[in-house]
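Subject: Structure handover and what was found in it

Hello,

I am passing on the structure we spoke about, together with a description of what turned up when it was gone through. Please keep the view open while you read, so that you can look for each place as it is named.

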Amino acid sequence: DWVHKLPLLGPHDLTWGAGIRVTTDDVEGTQFATFLPKRRTDPTYSLFAQDRIDLWDSRVFLTLGTKLEHNNYTGLEYQPSARLTWLVTDKQTLWAATSRAVRVPARLNEDLSLFAPVPFTPPLYVNVEGNDDFDSEKLFSIEAGWRVAFTEALSGDLALYHNDYRRLLSQELRGGISLVPGPRPYLLLPAVQLNRNEGEVYGGTAELRWQPVRMWRLDFQVSAIEFDLDRSPGGTDVNGLTVEGNSPDVQAALYSWLSLPYGVSVYT
């Protein structure tokens, strides 16, 4: 990775950079899963630029940026973002942001051949294949937040977001169940990985940080999330939508940081 920060140009604070990442793997197949080809090398090239603009008296800032990335699966991807920050007072900050992000396909989405049994009588196997035309999964996000210092020892954060997901992973049937004859006949259900799920996610996080003494800090967090996922027109997937039930609606956590002498710290 390489990053270059340019000298200030009036209200503009410009940063840009480039990077390259190369991954190589050699995956041994199992009784139920194989990757074709077995060995693969994938380079990823990236370029980014960001401009932090002082709109008003070092109190209101607009940050514009984008990341360009080229990969072996979907070619060129772009991920722009815009963020507005307002330093209301020395102790309060309001901010809002919008961005576009992608998850590029992986070996699992293109090269996998899965042949696995399903609990069923008579014997049933599902055959899920990767797809060379699998597209990147896309996210369009809107966020807003408030940060405040109530006292020197107590501060808080509130962040809300709305995520719009497009072209999510789905497992689509390729025809119906067929009977495979043999000494031990079984039923076969073929499927292929496509991008026929979509949905929206709403949520937020509230956080309080309290530092009663210099060596000890407590952090209390509460987060909530709501999923609304569905199939795209023409989609038949059932497994991909089960993610709605994989995350709790509300979570709470309490963290403690304790700094002891001789560079020792305790985190719980």
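Before the strands are described, one term is needed: two strands are said to pair if DSSP finds at least two bridges between them. Please also keep in mind throughout that this is a predicted model.

With that term in hand, we can begin with strand E4 and its neighbour, strand E5, which covers residues 60–71. These two strands run antiparallel and are joined by eleven bridges, and one example to look for is Ser-46, whose bridge partner in E5 is Glu-69. E4 and E5 form a hairpin that has three residues between its strands. On its other side of the description, E5 also pairs with strand E6, residues 75–89, again in the antiparallel sense and over twelve bridges. Within this second pairing, Leu-68 stands opposite Tyr-78 of E6, and here too a hairpin makes the connection, with three residues joining E5 to E6.

The turn between E4 and E5 deserves a second look, since Asp-57, which lies in that loop, has a positive phi of about 55° although it is not a glycine. Most residues other than glycine have a negative phi, and most peptide bonds are trans. Asp-57 counts as exposed, because its relative accessibility is 58% and the cut-off for that word is over 50%. Arg-167 also has a positive phi of about 55° without being a glycine, but its place is in strand E11, residues 154–173, and with a relative accessibility of 36% Arg-167 counts as partly exposed.

The peptide bonds offer an exception as well, for the bond that leads from Leu-36 to Pro-37 is cis, with omega near 5°. Pro-37 is found in the loop between strand E3, residues 33–35, and E4. Another proline that you may like to find is Pro-183, which sits in the loop between strand E12 (178–180) and strand E13 (186–213) and counts as exposed at 88% relative accessibility. If you set Pro-183 beside Leu-36, the two are 147 residues apart in sequence, and their C-alpha atoms are 28 Å apart in space.

Next come the charged side chains. Side chains of opposite charge can pair when their charged atoms come close. How many salt bridges does the structure hold? The number is 16, and a few of them are worth following one by one. In one of them, the side chains of Asp-13 and Lys-5 meet at 2.6 Å, N to O. Asp-13 is buried, because its relative accessible area of 18% falls under the 20% cut-off, whereas Lys-5 counts as exposed at 52% relative accessibility.

Arg-40 takes part in two further salt bridges that are easy to look at together: one is with Asp-42, at 3.0 Å from N to O, and the other is with Asp-111, at 2.9 Å from N to O. The pair of Arg-40 and Asp-111 links distant parts of the chain, since Arg-40 belongs to strand E4 (residues 39–56) while Asp-111 lies in the loop between helix H1 (107–110) and strand E8 (112–118), 71 residues apart. Salt bridges that share partners also join Arg-40, Asp-42 and Asp-111 with Asp-25, Arg-107 and Glu-110 into one network. Are Arg-40 and Asp-111 buried or exposed? Both of them are buried, and Asp-42 is buried as well.

Finally, here is the view of the whole chain. The protein chain has one helix and 16 strands. Its radius of gyration is 25 Å, well over the 18 Å that the globule rule gives for 268 residues, so the chain is more spread out than a compact globule. Taken along the principal axes, the C-alpha atoms fill a box of roughly 75 × 45 × 40 Å. Of the 268 residues, 30% count as buried, and the chain exposes about 16,800 Å², of which carbon and sulfur atoms supply 61%. Among the contacts with a separation of 6 or more, 57% are between residues 24 or more positions apart.

With best wishes

Definitions and conventions
Residues are numbered from 1 along each chain as its sequence is written. This is a predicted model: local features need pLDDT of at least 70, side-chain atom pairs count only at pLDDT 80 or more; totals for chains, interfaces and linings use all residues. Side-chain values use heavy atoms; hydrogens and water are left out. A salt bridge is a side-chain nitrogen of Lys or Arg within 4 Å of a carboxyl oxygen of Asp or Glu. Buried means under 20% relative accessible area, exposed over 50%, partly exposed in between (1.4 Å probe, protein chains only). Helices (H or I, at least four residues) and strands (E, at least two) are DSSP runs, numbered from the N terminus. The radius of gyration is taken over C-alpha atoms; the globule rule is 2.2 Å times the number of residues to the power 0.38. Contact means heavy atoms within 4.5 Å. Accessible areas come from the Shrake-Rupley method with a 1.4 Å probe; for residues, only the protein chains shown count as cover.
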